[in-house]
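Open your viewer and get ready to click along with me. We will go from the whole assembly to single side chains.

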Protein chains: 2
Amino acid sequence: MDRKQPDIDRVFHALGDPTRRAILERLSNGPMSVSHLAEPFEVTLAAVVQHLQVLEDGGLVQAEKGGRVRTCRIEPAGLAVAKQWLDDRRNLWERGFDRLGELLSEPEELR
Amino acid sequence: MDRKQPDIDRVFHALGDPTRRAILERLSNGPMSVSHLAEPFEVTLAAVVQHLQVLEDGGLVQAEKGGRVRTCRIEPAGLAVAKQWLDDRRNLWERGFDRLGELLSEPEELR
């Protein structure tokens with residue numbers, strides 16, 4: 001299977017749309033066919049397929065064709081990239097907050 | 001301070017742009033003025049201000065005016081919302097993978 005590291009721009013772009021996040025939420029319960037996946041969405045099947053392509057590009061979904069049915073499932077690589085970026089930021093932010101706390105506790109004339 | 005729960009659409013939309021993520025990366029090192037923040041970016045100050053507005057709307061940045069200087073800092077609420085969503089998906093995905101594993105270990109005629 002050809003799995004490269006998902007591009008972080010594509011990952012966050014994919015996650016930035018409510019319909020795409022809803023697709024991921026639906027797929028969180030397990031793999032399903034595109035037509036089954038599309039059922040609850042009030043958009044055309046073509047629109048769902050387009051969203052799936054963006055999710056595939058972001059490494060968040062894998063689709064496999066078996067006979068006439070295309071089955072989609074969650075691909076955790078994209079999730080891992082997003083989570084890593086958030087964790088890295090949080091670690092730095094927390095250090096930044098510590099520094100802010102120190103700064104605010106200094107007498108005003110020293111700031 | 002008026003802090004409401006950030007809207008998840010706005011959070012991920014804000015994170016879906018590389019310049020905005022670069023702004024957050026720069027702010028991860030500590031609070032700074034808008035003009036200092038904008039220095040390394042090859043976009044206009046007005047564009048940085050617009051990106052900051054999107055980040056504020058997503059609960060990822062707070063800006064405060066002190067005299068003539070507007071100071072920006074990371075606001076962790078938006079980050080927490082994004083992380084929670086990713087964690088929730090992952091928990092479900094992992095359960096889904098367990099089920100997929102069970103399915104794949106069944107004899108083919110039972111699938």
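Here is a walk in five stops, with a short note on conventions before the start.

This is a predicted model, in which local features need pLDDT of at least 70, side-chain atom pairs count only at pLDDT 80 or more, and totals for chains, interfaces and linings use all residues. Residues are numbered from 1 along each chain as its sequence is written, chains are lettered from A and ligands numbered from 1 in the order in which they are written, and side-chain values use heavy atoms, with hydrogens and water left out.

**Stop 1: both chains**

Color by chain. A turn of 180° with a shift of 0.0 Å along the axis lays chain A on chain B with an RMSD of 0.0 Å (a least-squares superposition on the C-alpha atoms of residues with pLDDT of at least 70 in both copies). That is how a two-fold axis relates its copies. To find the axis, select A:Gly16: in chain A, its C-alpha is the nearest to the axis, at 3.0 Å. The copies meet through the same surface, because 100% of the interface residues of chain A are also interface residues in chain B.

**Stop 2: chain A alone**

Hide chain B and show a cartoon. You should find 5 helices and 3 strands, in the order α-α-β-α-α-β-β-α along the sequence (DSSP runs numbered from the N terminus, H or I of at least four residues for helices and E of at least two for strands). Of the 111 residues of chain A, 41% count as buried; here buried means under 20% relative accessible area, exposed over 50%, and partly exposed in between, with a 1.4 Å probe and protein chains only.

**Stop 3: helix α4 of chain B**

Bring chain B back and select residues 45-57, the 13 residues of helix α4. Which residues of α4(B) are buried? They are B:Ala47, B:Val48, B:His51, B:Leu52 and B:Leu55. These residues lie on the same side of α4(B), since they cover an arc of only 140° around the axis (taken from the directions from the helix axis to the C-beta atoms). Look at the face turned away from this buried side for the exposed B:Ala46 and B:Gln50. Now add the cover over the buried residues, which includes α1 (8-15), α2 (18-27), α3 (34-38), β2 (61-66) and β3 (69-74) of chain B. Just after α4(B), stop at B:Gly59, with its positive phi of about 70°.

**Stop 4: a salt bridge between chains**

Select A:Arg21 and B:Asp9, which form a salt bridge with the closest N and O atoms 2.2 Å apart (a side-chain nitrogen of Lys or Arg within 4 Å of a carboxyl oxygen of Asp or Glu). This pair crosses between chains, from helix α2 of chain A to helix α1 of chain B. A:Arg21 counts as buried at 4% relative accessibility, while B:Asp9 is partly exposed at 30%.

**Stop 5: salt bridges from chain A**

Next, select A:Arg70 and A:Glu56, whose side chains meet in a salt bridge at 3.2 Å, N to O. A:Arg70 lies in strand β3 and A:Glu56 in helix α4, so the pair ties together parts of chain A that are 14 residues apart in sequence.

Finish in helix α5 (residues 76-105) of chain A, where A:Lys83 and A:Asp87 sit 4 residues apart, about one turn of the helix. Their salt bridge has its closest N and O atoms 3.7 Å apart. Show both chains once more: salt bridges that share partners join A:Lys83, A:Asp87, B:Lys83 and B:Asp87 into one network.

Technical notes. Contact = heavy atoms within 4.5 Å. Expected span 1.5 Å × (residues − 1).
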